[in-house]
Structures are given as structure tokens and as C-alpha cells.
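Got your viewer open? Here's a quick walk through one model, with a selection to make at each stop.

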Amino acid sequence: MQNNDLHSVAFPRLSEEELASLAGCPLTVLKQYKAGEKLFRVGDCDCNFFVVKSGEIEIVDESGDTSHVLVVHQPGEFTGEIAQMTGSPSLADAIARRDSEVYELSPEAFRQLLNHHPETGDIVLQAFIARRQLLREPGTFTGPRVIGSRYSQDTFRIREFLAKNLAPFTWLDLENSPDVNALLKQLGLGEADTPAVALGRKRVLRNPSNRELADALGLRQRLEQTVYDLVVAGAGPAGLAAAVYGASEGLRTLVLEQAAPGGQAGRSMRIENYLGFPTGITGGELAGRATVQANKFGARLSIPSPAIGLTFENLYSVLHLEGNETVTTRCLLIATGADYRLLQVEGCEKFECRGVYYAATPLEAQMCIGSEVAVVGGGNSAGQAAVFLAGQVRKVCLLIRGDDLSKSMSSYLVHRIEQTANIEVICNSEIRRMSGDGHLDTVEIVSNKTGEARTLKTPALFSFIGATPRTDWLPVEIEKDAKGFVRTGPSLAQSPHWNIPRDPFLLETSRRGVFAAGDVRSGSIKRVGSAVGEGAMAVQFVHEYMKEM
Ligand SMILES: Cc1cc2nc3c(=O)[nH]c(=O)nc-3n(C[C@H](O)[C@H](O)[C@H](O)COP(=O)(O)OP(=O)(O)OC[C@H]3O[C@@H](n4cnc5c(N)ncnc54)[C@H](O)[C@@H]3O)c2cc1C
């Protein structure tokens, strides 16, 4: 979307009719605010939603060194962005610029507006998504300031965590940013204290873990001490689909995610074979939209909240989280997918996030603009990465072990690669060694046909060589196949852990009431569409099981 279009979607004015219907809602309150009075402050959680009836409301960014007005809402316009949906802390202050009259809706009333007035709800949701997109554009909003070197693994981890969770932030590169020394001085920090994250003008986190950062920014939602109908472990396509269907069908639904919504799909810059997106969609955008959709129906998402263990109490599943936290649920959906396989090459580990990457998004591409890069792998994910990177860097060398790309990659991608002048496909190649001083500098490859060696000078190698299931946290009661994927379906009626007189449902595991969907499931098709389909199907079996209970 062009910036002008984005701006008009982000700041629409509700019509007289929409305002009249809003005013008529029983939960809408009409309120007056005096000039200078605050409607909400940065950091406030579960903020009310405001529509300006008369006067002006300004939204002010207080996260940089000086205050900065982001927008002034006029009559018919409304406050809020994605944080309003998720209940996470507000990113800015809202202040009455002059005496103003507003319609005010509590979070509960706001949810009713979205679900009972779909036309107004659509305008508001589209505006929220567009506003978050604008806030993430460089120079628009300061947000948390990440100070750190481009060659530091922790700086990369922090930036990756914020970017994947769609949190707006500013990165000050120790090597390149002109303002970095002044900011370090102002915060009383030296280079040795980095990476650091400045929150506002005074608060500093030194090399925070993802969990500390999430807690400080209020990204991690409070877990209620209640019994959920459905807990979903993993917010990839399968988990997010289950959250949308579960919550929209009235199930009390919680999603636990260890890193960021989107899963493996979040690592793709162009998914072209997912139904309904003829021009393709980035995994990040798909995940962002699905997260808003799940929130809209009332699902809770807690990130980062890795499930580290599972036990059973009577008919309930009890998930164990870090810090001795537990969550109890009637039904559990295991949707923890699969994780990238590490390259088994000498010296590889020390270059992770310092030249060796397992995703190709703008975050990684930023580190190698103008260079020659290597992509390893012969599947669709490697093909997509090569095509995306070819538009960002000088040259891409695509390294495959076999002798023919079309044996493992979809023909549309093979065709695109053939047509891209700056992609060189190097067949029959294997990586022998990687070297560099602190950061990747050269990759030595060798032909598995002729033994001939070749050295690529490159600051970045992108690896897409398959994935292994994330099931090490599951107990023996959940049967797995020889490769560690979760088994499901009627054949498990023979399992020693299955002890009731009916066959397991199609997506049910060897434990009643525990289901599995997506890439984590034995025999699944590794596609976004099938993961989404299975997530949706699993909810149907949850209903069947709840009836039985
Ligand atoms: C780069 C790339 C490009 C791709 N492109 C396409 C494409 O164009 N078209 C297509 O159809 N498919 C594509 N795929 C495949 C597709 O992305 C996967 O099949 C799909 O994402 C599987 O979804 P899932 O929800 O089952 O699992 P995943 O996507 O693996 O998601 C699992 C989620 O669970 C979380 N998790 C793991 N363990 C825990 C835990 N213990 N507690 C809590 N959370 C946990 C993970 O962090 C992750 O977010 C691509 C894959 C990759 C890697």
C-alpha cells in the first residue's frame, strides 16, 4: 500500500450515521475533557476507546528525548491502535488539545462494538493495523531505543524479538549511528554496557532477556488463574487458526507462544500459494492480521510463554511454564510446529546472528545490502529467500546438494530463480568451512561431484535445510513417531495410554482431550494452508470432546 493510502486508512472519519449508532450503544458514555487533560497515558493497559464528538485530541510520543505530536484527532476520528486490541500498554499519551467532548467505550464495550457493528468495526480494525504499520516506519515513532552493535548476537536477538512481535522501536547501531555516543553519555552508559534498551528518557535495560523485555513493555499478558476451555501451545498458522475458531465459537481460549506469532511462516517474505492472496503475502503480515483477528474474538495470547512441561490432573491438562507458573485447561492443542535444522559445519555456531541466519526478512537483509550472500537449501523456503534477497543484495549464490533444483522446489519458484539475473545456482555443493573475525567473512564450499573447492566472500549465509519437531517438552503419554512428531487419530486406540471405549478423533493424540495440528503432527503436510485447516478442524473435535465431558 502506498503511504498516502495507508494514511487515509489509518485516519478515517466516522460518518454521521456511524456516530449516531455509536452514541446509541447502551455502553457508550459521553464525556467532557478540559484542555490539557489526559485521556490516557503511555503505559496504561486496557485503555478505553474514544471517538471525538467535538474539540481535538492529540496523540503524543513521549518515548524520545523530546515530546512529539503524532496526530491530532478531529471530530469523527478515534483513538487507539493495535495495543487497544491486545490490552497491552498504550504507546503514547492522549491529551485534549482544547475543551473536548468524546464518546468513551470501556474495553468490554469496545469488543461489543467490533462484534455487533461489523461495518464500524472493520473501519476501526483496518485503521489500527495501518496505524501500527505507520508507527513501525523509520523516523515516525521513537519507541524503545535499542543500542547495540550490528555484530552482537544479543543486539540481533533483541531486534528480532521486537520486530517479529511487530513492536515499533528504534535501533542505534554502535558502528554507524551518528547519535549513539550522545545517547550513551546521556544514559550514563559505556559501549561495554551494550546492548541496552532505553525505555523513555531514564529507564534502561542492559542486555535484557526476551522475557524481561516483554515484561517491561507489557507484551506478556497476565495469565488468569482459571480453567480454560482450550489452551493452544504455539502461535504459528495452526495455533492462530485454532485461536480464531475457538474464541469466535465461545471457547475460553489462551495461546501460549515462546517467541512471536507466525511460526515458520513468519520467516517467509512471500507466501504465494495461500488461498485468497493472489499477489502473495508476507508471513509477518499474515501473522499480524491473524493475531488481531484472534484478539478481536477474545482469545488471549501470552508471549513469550514457552510450554516447558505437561502433566494431567483427572481430566485436565496442566501446562508448566517458566517461573513455576502453570495453566489448567479442559482441552489442549499442541501446535508447536517445527524448528529449523542447524547446519552441521565446523565453526557455524559462533556465527549465528553474526552472519548465519535462519530467516530472510528485512531485518537480516539490512545487514548485507550491496554484498554477495549465500542461501543454502533446495526447498521452497530457500527459493523464496533467494528471490527476496536478490532484490536487496548484489548477488545471491543458491547452494544445493543435488544436481537439479526442480527435484525439490515448486516450478513457479524455479522459474522465478531462472529469470533473476543476480541469482547463481551452485549445484552439488556442500559447505566445508566458515571463517571470519567475529563476523562471517568467507564460506568455503566443495563440489560433492568433483571435489573442487571454491571460496565465497560473503557477510551472510542463509540456511533453509529443513526442520525438526518441537516436542521435547511432551510427556510419554503423548505418543510420538520415530522422528518425534506427535501421532494422532483412530489408530491410537491401541495405545497403552488410551483408556476409553471410543477411538481417538482424527486430530486427537494418545491422551483424550489433547489434540495436535500442523507441522508438529505425524504425517502432516508441511504447508500454511494445511496447518490453518488442521487448526480449524481441531476446534470441531474440541467441541465433540466437551460434549462428551
Ligand atoms: C522460510 C519458510 C517459508 C515457507 N513458505 C511457505 C509457503 O510459501 N507456503 C506454504 O504453504 N508453506 C510455507 N512454509 C511452511 C509453513 O510455514 C509451515 O508449514 C507452517 O508454518 C506450519 O505451521 P504450524 O503452526 O504447524 O507450525 P510453526 O509455523 O512451526 O509454528 C509453531 C509455533 O509454536 C511455537 N512454539 C514452539 N515450541 C513452543 C513451546 N514449547 N511453547 C510455546 N510455543 C512454542 C513456535 O515459536 C512457533 O511460533 C514455509 C516455511 C518456512 C520456514
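The tour goes from the ligand to the helix pairs and ends in the loops.

Some ground rules before you click: this is a predicted model, where local features need pLDDT of at least 70, side-chain atom pairs count only at pLDDT 80 or more, and totals for chains, interfaces and linings use all residues. Residues are numbered from 1 along each chain as its sequence is written, and side-chain values use heavy atoms, with hydrogens and water left out.

**Stop 1: the ligand**

Select the ligand and the residues around it, where "near" means that a heavy atom of the residue lies within 4 Å. Of the 34 residues you get, Glu-257, Gln-264, Gln-384, Arg-470 and Asp-519 come nearest. By type, the shell splits into 15 nonpolar, 13 polar and six charged. For that split, Ala, Val, Leu, Ile, Met, Phe, Trp, Tyr, Cys and Pro are nonpolar, Asp, Glu, Lys and Arg are charged, and the others, Gly among them, are polar.

Now pick out some atom pairs. Glu-257 has a polar side-chain atom 2.6 Å from a ligand oxygen, and Arg-470 puts a polar side-chain atom 3.2 Å from a ligand oxygen. With Asp-519, go for the backbone: an N or O atom there lies 2.8 Å from an oxygen of the ligand.

How much of the ligand's accessible area does the protein cover? It covers 94% of the 1,000 Å² that the ligand has on its own, by the Shrake-Rupley method with a 1.4 Å probe.

Colour helices H9 (237-248), H12 (380-390) and H14 (528-548) next, the elements that give two or more residues to the shell. Helices here are DSSP runs (H or I, at least four residues), strands are E runs of at least two, and both are numbered from the N terminus.

**Stop 2: two helix pairs**

Keep H12 and add H13 (residues 411-419): their axes come within 10 Å and cross at roughly 30 degrees. Axes are lines fitted to C-alpha atoms over the stretch in contact, with angles from 0 to 180 degrees between N-to-C directions. That crossing makes H12 roughly parallel to H13, a label for angles under 35 degrees.

Then show H9 with H10 (residues 283-296), whose axes come within 9 Å and cross at roughly 25 degrees. Again, that makes H9 roughly parallel to H10.

**Stop 3: the loops**

Zoom to Thr-194 and Pro-195, joined by a cis peptide bond with omega near 0 degrees. Pro-195 sits in the loop between helix H7 (180-186) and strand S10 (196-199).

Ile-303 and Pro-304 are also linked by a cis peptide bond, with omega about -5 degrees. Pro-304 is in the loop between strands S14 (300-302) and S15 (309-313).

Conventions:
A polar contact is a pair of N or O atoms within 3.5 Å; within protein, one must be able to donate a hydrogen and the other to accept it, and residues adjacent in sequence count only if both atoms are side-chain atoms. Angles under 35 degrees count as roughly parallel, over 145 as roughly antiparallel, 65 to 115 as roughly perpendicular and the rest as oblique.
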